[in-house]
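Colleague: Please take a close look at a single part of this model, the part where a patch sits on the surface. Then work outward from there.

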Amino acid sequence: MVQTLAAGLRLQMSAIDYVLLALYFITVLGVGLAARRSIRNSVDFFLSGRSLPAWVTGLAFISANLGALEILGMAANGAKYGIMTVHYYWIGAVPAMVFLGIVMMPFYYGSKVRSVPEYMRRRFNRPAHVLNALSFALAQVLIAGVNLYALALIMQALLGWPLWTAIVLGALIVLAYITLGGLSSAIYNEVLQFFVIIAGLLPIAIIGLVKVGGLHGLFDAVRQTKLGDPGLHTWAGTGGSDNPLGAPWWGIVFGLGFVLSFGYWTTNFAEVQRGLSARNMSAARRTPIIAAYPKLVIPFVTVIPGLVALVTVKGLGAGTGDLQYNNAIPLLMRDFLPSGVLGIAVTGLLASFMAGMAANVSGFNTVFTYDIWQEYVAKDRPDAYYLKVGRLITVVGVLIGIGTAFIAAGYSNIMDYIQALFSLFNAPLFAAFIIGMFWKRMTAWAGFWGLLAGTLAAFVTYAGYKWFGWFSFGSDLDESFWGAGIAFVVVTIVALIVTPLTRSKPESELDGLVYGIGRHDLRADAIAGDTAWYRSPVLLGSGALVLAALFYLPFL
């Protein structure tokens, strides 16, 4: 087994590394300035004027998810849980992304809603709308804090700066280009950031594999660690909880593959917003499906480096200090990358942070402005007023994110923390959303009380496990799976109880919002080339699902 010393995380940056980093920051701000010229109204600022092609929104869709949370968190999971981490990609992402594109995007884009909470208002009622808008806004500033904390880890390693200094500086950079160019600035920077992120991570994976003797050498070394051979399989041992993830197959399939995954990918406005910015229905539907293809292979640059860190960094997995799982990628950068390549990798990580936080902030400012401020505080104002509010609330969101970054600092594995947030906020929303979309009799009050009860159930599960010791689970991630599943079941039960006791909306008010009531013309706004067979969302989505199943075969 290869082992390196792990004392001190400081990266030795050369002049060329700093030049590459500076060029990237200049480019990012330049994109923000260029995008500012196209901002004429609030739709331009919040939804890019609904004018972008599918390849742009598709890459932005995956880049918005490929934040520092994803990079550092999934590498940490790779070191902690082994190959089972790929469940977050092949069953925990791709099926939901395909479902969003084929089934749900027509409802979002066809109904011309500006956000997911707005859909909840039209399908259910204003109380459900307020609850969803407030919970989404809270979730976004908490997740933005995770991305800020992840950036601070890198800046600490790079310059040795105190945590708070790195957090504030990173927040100001994102604030500058989002305030300037709105969603267009975020999306075009996300396209750039996607390629920068991959260019930064590939050398870590490739050089790391060379150092440990390729995949066979890596797997042999993993067998000698505390993970052992179970760390190299995906479904072995899932008949119970005797596996690295500590979760049975039904928890993985239902908790992660269905509730958490579909809850995140289909109702998280920070992702859906990229599809809503597409130029027509065809582009909107293809947005998440195009993103599914790179999602299939992202484990090569996240999970594999995590395993490399496990076998090369002595003592990785400490509760505090430089040897936390969160530092797997920075430690590999320090130990393996030469000058120049190190600069690309650092730039890639900073790009991943910016992509993730920009998605959180752009989702937050849109929902706050449209769904809270315009709907309940200041109605019927000129459009320029809401554009100004959007820019001001962007500043507020970033400031709150700075505070929540210190919450994330209390977790040695930030992916455990983020999955807990998803089970609290996304799982109950998805349950109310999907039941309401396919069951026309579900009433407005069933939607509200179901969403509230499901959220409370997920919170009680989390608090009972983490704070009070009421419940026992195989791991923090296993708790997230169970919390999500419990939230879904509670929402369903409440909907079944409340619906017969309250009045359903007439079908005239559900037109285009519920499956089977009204139809969205999927080709009404088609442009030349949209009807080509190779652009069919169904065909593209089916291809992604087949590949996801095939990728599992070598790791069963």
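**The surface patch and its surroundings**

Modeller: In this predicted model, a nonpolar patch on the surface is formed by Phe 459, Val 460, Trp 467, Phe 468, Trp 470 and Phe 471, which together have about 670 Å² of accessible area. One of these residues, Phe 468, lies in the loop between helix 19 (444–466) and helix 20 (476–498).

The two helices on either side of that loop are also joined by a pair of charged side chains. Asp 476 and Lys 466 form a salt bridge, with 3.6 Å between the closest N and O atoms. This pair links distant parts of the chain, as Asp 476 is in helix 20 and Lys 466 is in helix 19, ten residues apart. Asp 476 counts as partly exposed because its relative accessibility is 22%, and buried would require under 20%. Lys 466 has a relative accessible area of 35%, so Lys 466 is partly exposed.

How many salt bridges does a search of the whole structure find? The search finds nine. Another of them joins the side chains of Arg 126 and Glu 375, at 2.7 Å from N to O. This pair, too, links distant parts of the chain: Arg 126 belongs to helix 8 (residues 126–159) and Glu 375 to helix 16 (residues 341–377), 249 residues apart. Arg 126 counts as partly exposed because its relative accessibility is 36%. Glu 375, at 14% relative accessibility, counts as buried.

A salt bridge can also lie within one helix, as Arg 223 and Asp 220 show: both are in helix 10 (residues 214–223), three residues apart, which is about one turn of the helix. Their closest N and O atoms are 2.9 Å apart. Arg 223 has 39% relative accessibility and so counts as partly exposed. Asp 220 is partly exposed as well, its relative accessible area being 44%. Elsewhere, a network of salt bridges links Arg 114, Glu 118 and Arg 121.

Next comes the interior. The largest nonpolar core has 186 residues, and those that touch the most other members are Tyr 108, Leu 218, Met 333, Val 346 and Phe 481. Helix 9 (residues 163–211) gives the most to this core, with 19 residues. Another core lies apart from it and has five residues, among them Ile 39, Phe 46, Tyr 370 and Leu 387.

Cover can be followed along a whole helix too. In helix 12 (residues 269–276), eight of the eight residues are buried. The buried residues of helix 12 include Glu 271, Gln 273 and Arg 274, along with Phe 269 and Leu 276. Helix 16 holds Gly 348, which counts as buried because its relative accessibility is 3%. Gly 348 and Ile 91 are 257 residues apart in sequence, and their C-alpha atoms are 26 Å apart in space.

Last, consider the course of one helix. Helix 17 (residues 383–408) has 26 residues and reaches 36 Å from its first C-alpha to its last, close to the 38 Å expected at 1.5 Å a residue. Helix 17 bends by about 25 degrees at Ile 402.

Terms used: Residues numbered from 1 in each chain as written. Predicted model: local features only at pLDDT ≥ 70, side-chain atom pairs only at ≥ 80, totals over all residues. Heavy atoms only, no water. Patch = residues over 30% accessible without salt bridge, like charges linked within 9 Å, V, L, I, M, F, W, Y side chains within 5 Å. Areas by Shrake-Rupley, 256 points an atom, 1.4 Å probe, with all protein chains shown as cover. Salt bridge = Lys/Arg side-chain N within 4 Å of Asp/Glu carboxyl O. Helix = DSSP H or I, 4+ residues; strand = E, 2+ residues; numbered from the N terminus. Buried < 20%, exposed > 50% of the residue type's maximum accessible area, 1.4 Å probe, protein only. Expected span 1.5 Å × (residues − 1). Bend = angle between axes of the 7 residues up to and from the residue. Core = buried A, V, L, I, M, F, W, Y, C linked by side-chain atoms within 4.5 Å.
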